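Good morning, colleagues. Please take a moment with the sequence and the structure before I begin.

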Amino acid sequence: MLLEKIVKTTNKKEMILEKLREAKVPLVMYGAGSYALDVMKFLDRNGITVDAISVDAKYLTTTNTPRWNGLRITPIESINREYNNFNIIIGFSDYRIARSQLKSILGVNEIFFIDAPDSLEFFDYQYIVDHLEDFEFTYNLLQDQLSKDTFIAYINAKISGQPDGLYDLVDREQYFTDLVPLASNEVFVDCGAYIGDTILEFVKRTKGGYRKIYAFEPDAKNYLELEQTVTKDEIKHVQLYNKGCWHSKTTLRFSPNANMTSLISDKGDFTVDVETIDNVVDSKRVTFIKMDIEGSELSALRGAETTISKSKPKLAICVYHKPEDLISIPQYINSIVPEYKFFLRHHQFISWETVLYAIPPYEK
């Protein structure tokens, strides 16, 4: 029974926050990249201040004193010259590596790690109980044991706030796994093209032998870099859209973060045009659709219903942005094309980058 595999515990994020609030020693962030910034914002929202930033000395190559987010960066190897006793919070996703590197640092009181610090609670055990039939339906759709193990590990990571079970299941080949064979006639739709990283990998994997690329990126700054990528790398047969993907053609509120987390949001300070895939592509010729659009995946799939039903393309759809995505997205795809074979893979050390692969029967 599915419920027997689900942990019944308290999310450790709140416990960590409480410890940090009660701590009488400085807090040092180990890391200065995008994940560290997410952790910093999460801590700030919860009233916790980071006192110092540290990275490995080998990353500090400038003669000037480097700064990050307003704080001076200190080599982790010498942070104990500033503090005799301090806590460390890990600011990058490979937290196991980080912990092993911190073992030799003198003065460390406790080491903390917060998984996917976008919110305090994602879902809890009761959420699974309340939606058990839907979770069991999705679980039974999955075609192999790795998918089922990933499904359970992802749920448990979100409930507990600790992604240890996912860590050992990471597949570093995101989107272009062995589940997704690529041919010379591919018509690729990239929803959430960012600055072109996935497009570059697609072109590399197909050796340039594809038919067409449609790329959607709503963030203006990202879109500019996407254009530059296409020009610099002389990518052919590509159509770019400075728009988001949605279930209808309209204009929506938008939060542009100039990174991979820009998203459609009612709280956004800007507006963005959105379009349906069905309105843009040749619905009979699409072979592969990828979506990583910060929670808008289900709406975008609804706007691609004709394309999916006619072309039956390979699908790589992120299902980690909202609590309901893990159940609503596979159920919707299954309702359009029941013949799809479903696989789940996880591509990051934390509980982000969990992708549902829907493979048409003639592919797998």
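I shall speak about two sheets, the helices that lie on them, and some aromatic contacts. Please keep in mind throughout that this is a predicted model.

Let me begin with the sheet of 6 strands. This sheet is open, its strand order is 3-4-2-1-5-6, and the pairing is mixed. Strand 3, residues 67–68, and strand 6, residues 108–112, stand at the edges; each has a single partner strand, so one side of each lacks a neighbour in the sheet.

Strand 5 deserves a closer look. On one side, strand 5 runs parallel to strand 1, residues 27–30, and 4 bridges join the two. Within that pairing, Leu-27 stands opposite Asn-87, and Val-28 has Ile-88 as its bridge partner. Strand 5 also pairs with strand 6, again in the parallel sense, through 3 bridges. Here Ile-88 stands opposite Ile-111 of strand 6.

How many of the residues of strand 5 are buried? The count is 5 of 5, and the strand is thus described as mostly covered. In a regular strand, side chains alternate between the two faces of the sheet. In strand 5, Phe-86, Ile-88 and Ile-90 point one way, while Asn-87 and Ile-89 point the other way, and all are buried.

Phe-86 belongs to strand 5, which spans residues 86–90. Its relative accessible area is 0%, so Phe-86 counts as buried, for which the cut-off is under 20%. Leaving aside residues up to four places away in sequence, Phe-86 touches a set of residues including Val-25, Pro-26, Val-28, Ile-79 and Asn-80. Its contacts also include Ile-105, Leu-106, Gly-107 and Val-108. As for its distance from another part of the chain, Phe-86 and Val-274 are 188 residues apart in sequence and 48 Å apart in space, C-alpha to C-alpha.

Two helices may be described together with this sheet. Helix 2 lies across strand 1, strand 2, strand 3, strand 4 and strand 5, and runs at about 150° to strand 1. Helix 3, residues 95–102, packs on the sheet and touches strand 1, strand 5 and strand 6; its direction makes about 155° with that of strand 5.

I turn now to the sheet of 7 strands. This one is open too, with the order 9-8-7-14-15-17-16 and mixed pairing. Its edges are strand 9, residues 238–241, and strand 16, residues 341–346; each has a single partner strand, so one side of each is left without a neighbour in the sheet. On average, neighbouring strands of this sheet are turned by 10° against each other, direction ignored.

At one end of that order, strand 16 pairs with strand 17, residues 354–359, in the antiparallel sense over 6 bridges. One of the facing pairs is Phe-343 with its bridge partner Tyr-357 in strand 17.

Across strand 16 and strand 17 lies helix 6, residues 145–160, running at about 55° to strand 16. Is helix 6 largely enclosed or largely open to its surroundings? Of its 16 residues, 13 are buried, so helix 6 is largely enclosed by the rest of the structure. From first C-alpha to last, helix 6 reaches 22 Å, close to the 22 Å expected at 1.5 Å a residue. Gly-161 follows helix 6 and has a positive phi, near 80°.

My last topic is the aromatic residues. The structure holds 21 aromatic pairs. One of them, Tyr-35 with Trp-352, is edge-to-face, with 5.7 Å between the centres and 75° between the planes. Which parts of the chain does this pair link? Tyr-35 sits in helix 2, residues 34–45, and Trp-352 in the loop between strand 16 and strand 17, 317 residues apart. Both Tyr-35 and Trp-352 are buried. They also belong to one aromatic cluster, together with Tyr-95, Phe-113, Tyr-167 and Phe-349.

Finally, two charged residues lie over aromatic rings. Lys-158 lies over the face of Phe-122, at 4.3 Å from the ring centre. Arg-302 lies over the face of Tyr-332, at 4.7 Å from the ring centre.

With that, I conclude my presentation. Thank you for your attention.

Notes. Residues are numbered from 1 along each chain as its sequence is written. This is a predicted model: local features need pLDDT of at least 70, side-chain atom pairs count only at pLDDT 80 or more; totals for chains, interfaces and linings use all residues. Side-chain values use heavy atoms; hydrogens and water are left out. Two strands pair if DSSP finds at least two bridges between them. Helices (H or I, at least four residues) and strands (E, at least two) are DSSP runs, numbered from the N terminus. Axes are lines fitted to C-alpha atoms, for helices over the stretch in contact, and angles run from 0 to 180 degrees between N-to-C directions. Contact means heavy atoms within 4.5 Å. The expected span of a helix is 1.5 Å times one less than its number of residues. Buried means under 20% relative accessible area, exposed over 50%, partly exposed in between (1.4 Å probe, protein chains only). Rings of Phe, Tyr and Trp (its six-membered ring) pair if their centres lie within 6.5 Å; planes under 30 degrees apart count as stacked, over 60 as edge-to-face and the rest as tilted. A charge sits over a ring if NZ of Lys or CZ of Arg is within 6 Å of the ring centre and within 35 degrees of the ring normal.
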